[in-house]
Amino acid sequence: MTMRWWSVAAVAAVVLAGCGKKEEPVAQPAPAPAPAVAQAPAPKGPVLDDEKVLNIYNWPDYIPEGMLAAFEKETGIKVNYDTFETNEALHAKLVAGNTGYDIVVPGSVFAKPQIEGGLFQPLDKAKIPNYSNLDPEVLKVLSRVDPGNQYLVPWGWSFTTVGINKQKVEKALGDLPMPENAWDLVFNPKYTAKVKSCGIAYLDSPTEIIPVALHYIGKDAYSNDPTDYAAAVDMLMKVRRDIRIFSSTMIDDIASGKACAVIGWAGDINIAASRAAETGSKDEIVALLPSTGALAFFDTMALLKDAKHPNNAHAFIDFFLRPENAAAMATEMGYNTGNAKVKPLLPPEIAGNPSIFPPSEYLPKLIQPSSYTNEAREAMASAYNRFKRGK
Ligand code: SPD
């Protein structure tokens, strides 16, 4: 059995303490170099909780295949992974409390009130060595809702935009050329009246649709003013009858051709494009970069205040921040993770895909996220429900 450095030091201390006899001083050889304490290998691996379990609550279609299994194999931790479809659903669950989850993945727009409401605990960065892989620009954006970057670590970022099946939309438009502003395809009755024939889908959540509608009518997407929501609904009502699908899990609807023009998340539109290609479809499914801009969003990992497995959670966050996992998120899921070390690991068609890594000239057109007051969210929900009911 090898004796570890700390037991060698302890034995030496006991032996020396027992040498009470006074000796004449004699010439001593130069002291041996200090024992290799400083060079001793640090204990390997992260600190884990006694119970080898981790409970995660995330969005659907948002984790590369095999990532959880790789973490489980490496750490012996069993991961229970559940999903929610909207920020509103996650928020309601968090506010009700006792979720049993350790890590949740709110959008930053909702994370702000959740931090302020004391739902999360600050992260211990010493337990996340790979935190240094994160792009400081992304952390700067997040610091607007999480001052000092104490609570949130980016999971994925992308933008809410218009996605199309190019061939189907062109056919539906007939003689009408593609609009210069892609948002016209889903908000302007002149276009929706035609595009509806191949299916228009909207995300199904007030805080997804009202903000992009506000942006389309030239208002602040993060307005907290209910009169602005009324103006957005007035515009939306004009196209209400042309919207076939409301869904926050529309990947298969796009891939299978049930919807040809959508308001969706660029990453999910990218997944739909890969799924369609896998089935042999020749149609091009594309997440567009509208000329007037799109709404950036950042989904973030946060550690719940009452998490039962905080060490396992830190170990998972650190694992996720490895560059190879960021590469899998971009390659398999079509999402950017804000990992500054990812680019060299990517094939050129992924690194150069503007819907995953928007070009620098488009970045100023991505509206950065802010947040809404509780009252504003309530007003937005009733405006959105009025739109969905169509009256
Ligand atoms: N497939 C999962 C996509 C997660 C999207 N989160 C979007 C939040 C935008 N407000």
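The chain of this predicted model contains 16 helices and 10 strands. Of its 391 residues, 41% are buried. Among contacts between residues at least 6 apart in sequence, 74% join residues at least 24 apart.

**Exercise 1. The shell around the ligand**

Identify the residues around the ligand, and state which elements and domains supply them.

*Solution.*

Step 1. List the residues. The shell consists of W59, P60, D61, Y62, G107, E208, W265, G267, D268, F297 and D299.

Step 2. Assign elements. Two or more residues come from each of α12 (266–278) and β9 (294–303).

Step 3. Assign domains. Domain 1 (53–157 + 298–359) and domain 2 (159–296 + 372–389) each contribute at least three residues to the shell.

Step 4. Sort by class. The shell has five nonpolar, two polar and four charged residues.

Step 5. Examine one member, D61. This residue lies in the loop between β1 (53–58) and α2 (67–75). Although D61 is not a glycine, its phi is positive, about 55 degrees. D61 has 18 C-beta neighbours inside 10 Å and therefore counts as partly exposed, since the class of buried residues begins at 20.

**Exercise 2. The surroundings of α9**

Determine whether helix α9 is enclosed or open to the outside, and describe how α9 packs against α10 and α16.

*Solution.*

Step 1. Count the buried residues. In α9, 11 of the 11 residues are buried, so the helix is largely enclosed by the rest of the structure. The buried residues are P206, T207, E208, I209, I210, P211, V212, A213, L214, H215 and Y216. One of them, E208, also belongs to the shell around the ligand.

Step 2. Take the pair α9 and α10. Helix α9 (residues 206–216) packs on helix α10 (residues 226–237) at an angle of about 85 degrees, and the axes are 9 Å apart. Angles of 65 to 115 degrees count as roughly perpendicular, and the two helices are therefore roughly perpendicular to each other.

Step 3. Name the contact residues of this pair. From α9 come I210, A213, L214 and Y216, and they meet D228, Y229, A232, M235 and L236 of α10. By class, the contact has eight nonpolar, no polar and one charged residues.

Step 4. Take the pair α9 and α16. The axis of α9 and that of helix α16 (residues 374–389) come within 9 Å and cross at roughly 85 degrees. This angle makes α9 roughly perpendicular to α16 as well.

Step 5. Name the contact residues of the second pair. P206, T207, I209 and I210 of α9 make contact with R377, M380, A381, A383 and Y384 of α16. These residues divide into seven nonpolar, one polar and one charged.

Step 6. Look past the end of the helix. G218 follows α9 and has a positive phi, near 85 degrees.

**Exercise 3. The covering of α4 and the loop after it**

State how many residues of α4 are buried and what covers them, then characterise G117.

*Solution.*

Step 1. Count. Seven of the nine residues of α4 are buried, and the helix is mostly covered. The buried residues are S108, V109, F110, A111, K112, Q114 and I115.

Step 2. Find the cover. The elements over these buried residues include α3 (87–96), α5, α9 and β9.

Step 3. Move into the loop. G117 lies between α4 (108–116) and α5 (136–142). With 13 other C-beta atoms within 10 Å, G117 is partly exposed, the exposed class being reserved for counts of 12 or fewer.

Step 4. Relate G117 to another part of the chain. V95 is 22 residues away along the chain, and the two C-alpha atoms are separated by 8.8 Å.

Step 5. Note the backbone after α4. G118 has a positive phi, near 75 degrees.

**Exercise 4. Two loop residues**

Decide for N149 and S355 whether each is buried or partly exposed.

*Solution.*

Step 1. Place N149. This residue is in the loop between α5 and β4 (153–165). Its phi is positive, about 50 degrees, although N149 is not a glycine.

Step 2. Classify N149. There are 19 C-beta neighbours inside 10 Å, so N149 counts as partly exposed.

Step 3. Place S355. This residue lies in the loop between α15 (348–351) and β10 (366–367).

Step 4. Classify S355. With 23 other C-beta atoms within 10 Å, S355 is buried.

Step 5. List the partners of S355. Apart from neighbours within four places in sequence, S355 is in contact with A266, N270 and A287. The C-alpha atoms of S355 and S158 are separated by 7.7 Å, although these residues are 197 residues apart along the chain.

How values were computed:
Residues numbered from 1 in each chain as written. Predicted model: local features only at pLDDT ≥ 70, side-chain atom pairs only at ≥ 80, totals over all residues. Near = placed C-beta within 6 Å. Helix = DSSP H or I, 4+ residues; strand = E, 2+ residues; numbered from the N terminus. Nonpolar A, V, L, I, M, F, W, Y, C, P; charged D, E, K, R; others polar. Domains from an automatic or database assignment. Axes fitted to C-alpha atoms, helices over the stretch in contact; angles between N-to-C directions. Parallel < 35°, antiparallel > 145°, perpendicular 65-115°, else oblique. Contact = placed C-beta atoms within 7 Å.
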